[in-house]
Amino acid sequence: MIAGEEEKVENKQVIFKGYIDGVPKETDMELKLTKIELKLPTQAQGTSALLVKNLYLSCDPYMRGRMRDFHGSYIAPFVLEGFGVSKVIFSDNPNFKAGDFISGFTGWEEYSFIHKTDQLRKIQPDHQIPLSFHLGLLGMPGFTAYAGFYEVCSPSKGEYVFVSAASGAVGQLVGQLAKLHGCYVVGSAGSKEKVDLLKNKLGFDEAFNYKEELDLDAALKRYFPQGIDIYFDNVGGDMLDAALLNMRIHGRIALCGMVSQNSLSNPQGIHNLYNLITKRVRMQGFLQSDYLHLYPRFLEHVSSYYKQGKIFYVEDMNEGLESAPAALVGLFYGKNVGKQVIRVAHE
């Protein structure tokens, strides 16, 4: 593009106002309309950047952690960031060219400059798999499920598996991978609609609404009279405490998330840890980034499963960047059914 001919376009952005306590509110964020030149900024020697048009943005519970003040410091309002699927507009990076579709960390806005390009992934478009699935099934949540189940849980055929937040972005895939592995699988969720989804669409052996259970220990004993071999924990808190009472000898607990605790200033304690000793249970926290060397294998396996109809993936799509604050807040009230995604622009 010739100097002086750069086009300025509107760039709608979601701005986070400042650090918060408690559950995020829509008023903690605001929509701002700015202008952006469709050109790359001047780069320091040896660096590169992309200008991208964001197509889909991912809403994930971990984003709450980025809203917490760890140092008692003031911050100026800033554009929220998260995983997205984008189309490259301009690039001075030889690994990416205009027109490429990519997934990776981007801004909650219509157009973004991306300077950290080392962890971006180029997407090979496939008419059998929606682009947005690279934020869920084939993205960070899907890979979290895959690495957590196979690497952390070390499953064996015939084992008893419990998944909390089982209809969410991670849990729904964990349950289906466990079924494909020959396990007995029970999931918990927060509504009748989600329980029906787990049992009738996703193939779980059983599922229950934790909000209807007065005694979670009794509920788990009802669904797992023989005990639990693997607990894939997405919520922490009371559910983790109850699961500890019901683990079998040499059971495994994968600590993936603690959505029940994310917004608490003083997270609740766990009372039943002694069971880790008496039952020789291994409990391990993990991040999907620990296992990035497995991503090509994951992509091959899960893409194949999906194309063969062996797994089903549920997506909750909101339209327009203006819907993003409500969608993010809704995660902490269980309003989403499946992976929460924002469509910013059409492909």
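**Figure 1. An open sheet of three strands, with antiparallel pairing, in a predicted model****.** Reading across this sheet, the order is E2-E1-E4. Strand E2 (29-37) and strand E4 (78-79) are at the edges, and each has a single partner strand, so one side of each has no neighbour in the sheet. Strand E1 (residues 8-16) meets E4 in the antiparallel sense, over two bridges. To find your bearings here, look for Ile 15, which stands opposite Val 79 in E4.

**Figure 2. The whole chain, for orientation before the next close-ups****.** In this predicted model, the chain holds eight helices and 16 strands. Its C-alpha atoms fill a box of roughly 75 × 45 × 35 Å along the principal axes. The radius of gyration is 21 Å, which agrees with the value near 20 Å that a compact globule of 347 residues would have. Of those 347 residues, 52% count as buried. Among contacts with a separation of 6 or more, 70% join residues 24 or more positions apart. The accessible surface comes to about 16300 Å², and carbon and sulfur atoms account for 51% of that area.

**Figure 3. The largest nonpolar core, with 42 residues****.** Leu 137, Phe 149, Val 161, Val 163 and Phe 232 have the most contacts inside this core. Several elements supply at least two residues each, including helix H2 (171-180), strand E10 (184-189), helix H3 (192-200), strand E12 (228-233) and helix H7 (295-307). Helix H1 (140-152) and strand E9 (160-163) do so as well, and H1 gives the most, with six residues. As background, nonpolar side chains in soluble globular proteins tend to be buried together.

**Figure 4. Val 161 and its contacts****.** Which residues does Val 161 touch, leaving aside its neighbours within four places in sequence? Val 161 is in contact with Phe 149, Ala 178, Phe 224 and Ile 230, and also with Cys 183, Tyr 184, Val 185 and Val 186. A second core, separate from the one in the previous view, has 21 residues and includes Leu 220, Tyr 223, Met 239 and Leu 244.

**Figure 5. Helix H1, largely enclosed by the rest of the structure****.** Here is a helix with little on show: 11 of the 13 residues of H1 are buried, so the rest of the structure largely encloses it. Among the buried residues you will find Met 140, Pro 141, Phe 143, Tyr 146, Phe 149 and Val 152. Gly 142, Thr 144, Ala 145, Ala 147 and Gly 148 are buried too. Just after H1 comes Ser 154, which takes a positive phi of about 45°.

Note on methods: Residues are numbered from 1 along each chain as its sequence is written. This is a predicted model: local features need pLDDT of at least 70, side-chain atom pairs count only at pLDDT 80 or more; totals for chains, interfaces and linings use all residues. Side-chain values use heavy atoms; hydrogens and water are left out. A nonpolar core is a set of buried Ala, Val, Leu, Ile, Met, Phe, Trp, Tyr and Cys residues joined through side-chain atoms within 4.5 Å. Buried means under 20% relative accessible area, exposed over 50%, partly exposed in between (1.4 Å probe, protein chains only). Helices (H or I, at least four residues) and strands (E, at least two) are DSSP runs, numbered from the N terminus. Contact means heavy atoms within 4.5 Å. Two strands pair if DSSP finds at least two bridges between them. The radius of gyration is taken over C-alpha atoms; the globule rule is 2.2 Å times the number of residues to the power 0.38. Accessible areas come from the Shrake-Rupley method with a 1.4 Å probe; for residues, only the protein chains shown count as cover.
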